[in-house]
Amino acid sequence: MQTSIVQGADGLGRYLKKILSKPILLVAGNGREFYPERIPVAESIRKILCHMPSFQDEQYYYMHDRRLLVLQTSLPQEELRLFLFISRTTEDEIDGLVQKVKPVRLALSYFLRSQIDLGQEVRRVTDQILTKAFASTQYRLEDLLHQNGIDLDAAQAYRVMLVDFEDQSISDMEVDFTGSLLQLAHRYADAILCPLTWQGRGLVIMPDVDSNLEPALRDHTAGMQQMLQDWQQDFSKRHQVQVDCGLGSVHKLPELQRSYQEARMALSYGRTKHEHGFFRYYEDCGILSNIFAGGVESAFAFCRSALGRLLEYDGENEGENEGDLLATLKLLLETNFNYSATAAELFVHANTVRYRSDKIEQLLMRDLGDPDVRFNLYAAVRVQEILVDMHILPDGYVGKVHEKVHGSEAAVNH
């Protein structure tokens, strides 16, 4: 216990190695190695952690082919586990090694508690920093990081990558997510990556890797895109999950919030096109990236200017045959105004589609036969879908409430 308190993981690890006379690893369940080095665990250990069966503290896990004995220390109602990996162990030695570890259990529990308390504080501070940095315009990211002991070069260019894992919880894959990216950065010394988890997603802050890599290394990896795409494919195969990646543009640290919003837009761009397993840069979103270049506020203004009357009409006529004009317009644009194809998609008669098309022209006061009008309207429809997916625009609009008054309808204003 005294060794654990005074010397921490290093002293505890050296003591265990001495009494067991075996190579050991002290590893947290989140994939962090505490002894002999304080680094992300190797891929082989991550795989063991990801596929290890559940067992109790008084039990052990033994891998015969690896001659590896694993003991566990946990705390009631705490998710984090501390594992002791003992290598070069035969089955005949298991009972003896377990008995030698028993007196050290209290010290292992104390160390685990200290790491849980520290981890909770780190998560709290990290969430606070990211919330202030990316969900508010009142804070400067570099100041927030500096206040919490993280100093990044304000003159350096950075970008943000957001990672979605279909409908799966990132907590199920957090060990491998952070560990594999940190190992990638460790493998390429100049490729600095900062993987975090926030609001159910992976969030990676990275410098402009292409400009940092040595020429030979840049040629070898084909730059940051190939390096990260390889990671995406490997991660997807290991976990049998579709991994979607959206990357913002490169910005100086004081403007990193822009890269975060651009990464959100790139993710939503792919999702609203019903793509899976994509890897998309903000710059590759075509004309939509230009519309969002002024920020989500300008994109919102463009959408409302082009479609506002249509959206209000749909809101006021929700559930009625005359509603769903936005969905009708989208399908008309996608089918090059093929009324029969649009009617089949909407399960209505072609004459209904023609009526709605005329109604759209009246509301918008635009000639739907004009190619420029169609181009702008389709861009506005796509912007609306993306804003809804980003939870910036509500999926639906509030209309007027009508009630019967003396046999006629009257609007009730609130």
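The paragraphs below lead from the whole chain of this predicted model to its nonpolar cores, its helix packing and one loop residue.

The protein chain has 414 residues, of which 47% are buried, and its secondary structure comes to 16 helices and 13 strands. If one takes the contacts between residues at least 6 apart in sequence, 60% of them join residues that lie at least 24 apart.

In soluble globular proteins, nonpolar side chains tend to be buried together. In this model, the largest nonpolar core has 38 residues, and those with the most contacts inside it are Met265, Phe292, Leu307, Leu310, Leu329, Leu377 and Val383. At least two residues of this core are supplied by each of α10, α11 (287-291), α12 (296-316), α13, α15 and α16, and the largest share, nine residues, comes from α16. Leu307 can serve as a point of entry: leaving aside residues up to four places away in sequence, Leu307 touches Leu326, Leu329, Leu377, Ala380, Val381 and Gln384. Separate from this, there is a second core of 26 residues, which includes Ile24, Tyr35, Leu71 and Leu82.

The helix packing can be taken up with α16, which spans residues 371-389, and α10, which spans residues 256-272; their axes come within 9 Å and cross at roughly 110°. Because angles from 65 to 115 degrees count as roughly perpendicular, α10 is roughly perpendicular to α16, and the crossing of the two helices is right-handed. On the α10 side the contact is made by Met265, Ser268, Tyr269, Arg271 and Thr272, and on the α16 side by Arg382, Glu385, Ile386 and Asp389. Sorted by class, this contact of α10 with α16 has three nonpolar, two polar and four charged residues. Met265, which takes part in this contact, is also one of the residues with the most contacts inside the largest core.

A second pair consists of α13 (residues 325-334) and α15 (residues 350-364), which pack at an angle of about 105° with their axes 10 Å apart, and that angle makes α13 roughly perpendicular to α15. From α13 the contact draws on Leu325, Thr328, Leu329 and Leu332, while α15 contributes Val353, Arg356, Ser357, Lys359, Ile360 and Leu363. By class there are six nonpolar, two polar and two charged residues in the contact of α13 with α15. Leu329 of α13 belongs to this contact, and Leu329 is also among the residues that Leu307 touches.

Helix α15 has a further partner in α14 (residues 339-346), and these two helices pack at an angle of about 105° with their axes 8 Å apart; α14 and α15 are therefore roughly perpendicular to each other. Here Tyr339, Thr342, Ala343 and Leu346 in α14 meet Ala350, Val353, Arg354, Arg356 and Ser357 in α15, which by class gives five nonpolar, two polar and two charged residues. Val353, Arg356 and Ser357 of α15 thus appear in the contact with α14 and in the contact with α13.

Away from these helices, one loop position may also be followed in the model. Gln59 is placed in the loop between α2 (43-51) and β3 (61-63). With a relative accessible area of 39%, Gln59 is partly exposed, because that class covers residues that are neither under 20% nor over 50%. Although Gln59 and Val98 are 39 residues apart in sequence, their C-alpha atoms are 9.3 Å apart in space.

Technical notes:
Residues numbered from 1 in each chain as written. Predicted model: local features only at pLDDT ≥ 70, side-chain atom pairs only at ≥ 80, totals over all residues. Heavy atoms only, no water. Axes fitted to C-alpha atoms, helices over the stretch in contact; angles between N-to-C directions. Helix = DSSP H or I, 4+ residues; strand = E, 2+ residues; numbered from the N terminus. Parallel < 35°, antiparallel > 145°, perpendicular 65-115°, else oblique. Left-handed = near helix turned anticlockwise from the far one by under 90°. Contact = heavy atoms within 4.5 Å. Nonpolar A, V, L, I, M, F, W, Y, C, P; charged D, E, K, R; others polar. Core = buried A, V, L, I, M, F, W, Y, C linked by side-chain atoms within 4.5 Å. Buried < 20%, exposed > 50% of the residue type's maximum accessible area, 1.4 Å probe, protein only.
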